[in-house]
Amino acid sequence: MGVVYQAEDLKLGRLVAIKVFPSIFTASEDERTRFFQEARLASSLNHPNVVTIHEFDEKDGTAFIVSERVDGKTLGAVLQEGKLGVDRLLDVAVQIATGISAAHALGIVHRDIKPENIMIQKDGRVRIMDFGLAKLKSASRLTKAGSTVGTTGYMSPEQVQGLESDHRSDIFSLGVLLFELFAGHSPFKGVHETAINYEIVNVDPEPMSAVKADIAPELDSIVLECLVKELSERTQSVAEVAKDLRHCKRESSKARLSRVTTARPVYAQPDSTSTEISQPQKTFRFQRFVPWTVAAASLLALALVLMLSLRNSSNESFTVRALIPAPEKTNFHSYGFNAGPVVVSPNGRMLAFAAVTQEGRTMLYVRPLDATSSKPLPGTEGAYYPFWSPDSKFLGFFSAGKLRKVDVAGSPPVTICDAINGRGGTWSEDGTILFNPLVVGPIFAVSSAGGTPTVVTKIDTTRKESTHRWPHFLPDGKHFLYFSRTASFGAEAEGDALFVASLDFKTNKMLTNTSANAMYASGYLLFMRGTTLLAQAFDEASLELSGDPFTVAEEAINDPGFNLAVFSASQNGVLAYQTGIGLAGARMMIVDRTGKELG
């Protein structure tokens with residue numbers, strides 16, 4: 001990028017830093033104009049955590065920038081000394097995120113966030129250097145289309161691949177920096193540049209808590225959200241990262257940081273307030289012709305179609321269909337971000353789902369199957385991915401970075417624990433809740449009464465796993481299903497699969513390849529192949545599949561962006577699913593130079 005000199009400002013009597021750029025950066029009029037536009041933008045940034053630019057100019061064809069001289073050490077040098085405690089590390093992290101956020105607010109993207117570009121002054125203040133300069137480099141004719149701009153190990157997947165990048169690339173680089181800050185090493189461990197770049201694009205890092213057991217779950221989730229490879233699922237704002245880090249810092253100062261202990265089983269105590277009930281009897285068995293209660297929701301019609309499998313006096317099964325519309329002045333919000341599929345209560349008597357009002361407010365609704373309307377659940381604004389308690393009295397859900405529960409009879413919601421960006425939950429008879437609190441990472445367990453979440457699955461990097469999500473308890477309350485998502489260049493990966501595991505870590509085996517969530521009901525495993533909902537006999541004792549899978553429903557919504565299909569089942573013979581097309585993910589378009597869509 002050039003040579004930096006220490007110099008004296010003779011007019012103001014102060015020491016400054018002068019960065020002199022190679023002449024190639026301003027070799028043409030276009031490049032010279034671009035340089036001064038970027039330098040002018042960078043000089044407009046006035047923030048205590050960003051090095052101030054005093055002047056920029058050109059002399060005899062050589063461009064240079066004059067900035068303040070920071071008296072201190074680079075963050076890289078400070079980390080090598082290893083003298084910073086957790087509270088000080090959190091303070092540094094907050095200052096870094098705050099400075100980047102201020103730059104992003106002005107449309108300035110750094111593109112080269114790394115320890116060597118961050119200074120720690122003697123008074124403890126953090127200063128970020130060289131904002132916007134990597135972009136100057138990308139404007140040079142030295143950089144050809146498809147080449148990378150940044151520093152190996154800190155670049156985002158899109159930078160490594162030479163794709164167009166924006167402020168979210170800085171967020172990924174910040175995630176790498178924060179991981180190194182708290183875990184003590186980089187999340188990507190390749191032995192050479194090519195191997196590191198491969199891991200950045202294809203391998204999701206393990207949680208920091210797998211390296212240091214005292215890392216708080218909230219802090220772990222903040223960092224892993226920054227390191228998501230898909231731009232649409234990565235944290236979208238550094239301002240949010242800064243806010244979450246400040247919250248962690250406040251909790252740390254109060255000595256109330258939640259702790260995660262890895263690689264040990266959970267023996268959660270039942271919720272003392274819950275009512276003990278017996279396992280529902282399996283009155284209906286799933287036969288080849290599906291004598292089940294089936295509900296399907298057409299996304300276009302905004303309705304649920306319900307099919308009840310009943311038995312008459314001669315013990316013959318038959319089907320009843322009914323139309324269940326969305327609540328008045330709402331739409332079903334059954335897939336994608338901040339939503340969740342319709343879920344049937346374990347007793348088969350109620351449906352719960354997220355709906356969005358005309359004002360854009362999402363909340364949970366419950367619809368008894370013997371009622372004529374749905375009722376909203378107060379206090380569940382912004383709720384997504386609901387799941388039932390085994391006694392059908394409570395709903396678990398995610399909202400505002402928390403895992404919560406609400407009494408469907410009308411009591412206010414209660415917070416159980418932190419869950420920054422949940423990906424599914426399930427609730428056992430003994431009060432254990434399994435959930436994934438993040439976009440990436442393993443399954444955690446927590447008591448429904450609240451407490452410290454504990455890891456119950458381990459990400460297998462040899463399979464290129466990135467996340468375990470959509471857990472589902474089997475009837476014994478000890479074994480559970482979960483979906484394993486693997487690295488992929490497309491919406492669906494060949495390694496995506498359904499696993500069965502146990503809370504004591506003794507069982508963890510793959511059952512079948514699938515692209516979405518799955519569940520067990522009445523002796524059958526329900527899972528997806530594309531948009532087809534299949535069923536296959538499953539022995540819950542031996543944990544083995546038998547026979548061939550057969551079709552239950554066609555054209556069920558299966559959102560590839562979240563690996564989430566819209567279906568749910570109860571143990572006594574009720575199945576709900578929604579038909580339609582999930583519109584998540586990117587769409588290939590042809591546009592003209594004005595942005596008008598041509599096809």
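Here Ala, Val, Leu, Ile, Met, Phe, Trp, Tyr, Cys and Pro count as nonpolar, Asp, Glu, Lys and Arg as charged, and everything else, Gly included, as polar.

**Figure 1. The whole chain, in a predicted model.** Before zooming in, here's the overall picture: the secondary structure adds up to nine helices and 35 strands. The chain has 599 residues, and 54% of them count as buried. Take the contacts between residues at least 6 apart in sequence, and 53% of those join residues at least 24 apart. The accessible surface is about 26,600 Å², with carbon and sulfur atoms accounting for 51% of it.

**Figure 2. A look into the second largest pocket, with a volume of about 410 Å³.** Its lining is made up of 24 residues, and the ones nearest the centre are Leu89, Leu181, Phe182, Gly184 and Lys212. Three elements each give two or more residues to this lining: α2 (75-81), α3 (86-105) and α6 (167-183). Which of them gives the most? That would be α2, with five residues. By residue class, the lining of this pocket splits into 13 nonpolar, five polar and six charged.

**Figure 3. Helix α7 (residues 193-202) and its buried residues.** The residues to look for are Ile196, Asn197, Ile200, Val201 and Asn202, which are the buried ones in this helix. An α-helix has 3.6 residues a turn, so residues three or four places apart point the same way. What covers the buried residues of α7? The cover includes α5 (157-160) and α6. Helix α6 also turns up in Figure 2, as one of the elements giving two or more residues to the lining of the second largest pocket.

**Figure 4. The hairpin of β1 and β2.** Strand β1 (residues 3-9) and strand β2 (residues 14-20) run antiparallel and are joined by seven bridges. To get your bearings along the pair, find Gln6 and its bridge partner in β2, Ala17. Four residues sit between the two strands, and in the turn Gly13 has a positive phi of about 60°.

**Figure 5. Strand β2 alongside strand β4 (residues 62-68).** Besides pairing with β1, β2 is joined to β4 by five bridges. How do β2 and β4 run, parallel or antiparallel? They run antiparallel. A handy landmark here is Val16, which stands opposite Glu68 in β4.

Definitions and conventions: Residues are numbered from 1 along each chain as its sequence is written. This is a predicted model: local features need pLDDT of at least 70, side-chain atom pairs count only at pLDDT 80 or more; totals for chains, interfaces and linings use all residues. Side-chain values use heavy atoms; hydrogens and water are left out. Buried means under 20% relative accessible area, exposed over 50%, partly exposed in between (1.4 Å probe, protein chains only). Contact means heavy atoms within 4.5 Å. Accessible areas come from the Shrake-Rupley method with a 1.4 Å probe; for residues, only the protein chains shown count as cover. On a 1 Å grid over the protein atoms alone, a cavity is a set of points where a 1.4 Å probe fits but cannot get out, and a pocket is an open set with protein on both sides within 12 Å along at least five of seven lines; lining residues have an atom within 4 Å of a point. Grid points are joined across faces, edges and corners, and a volume is the space filled by probe spheres set on the points. Two strands pair if DSSP finds at least two bridges between them.
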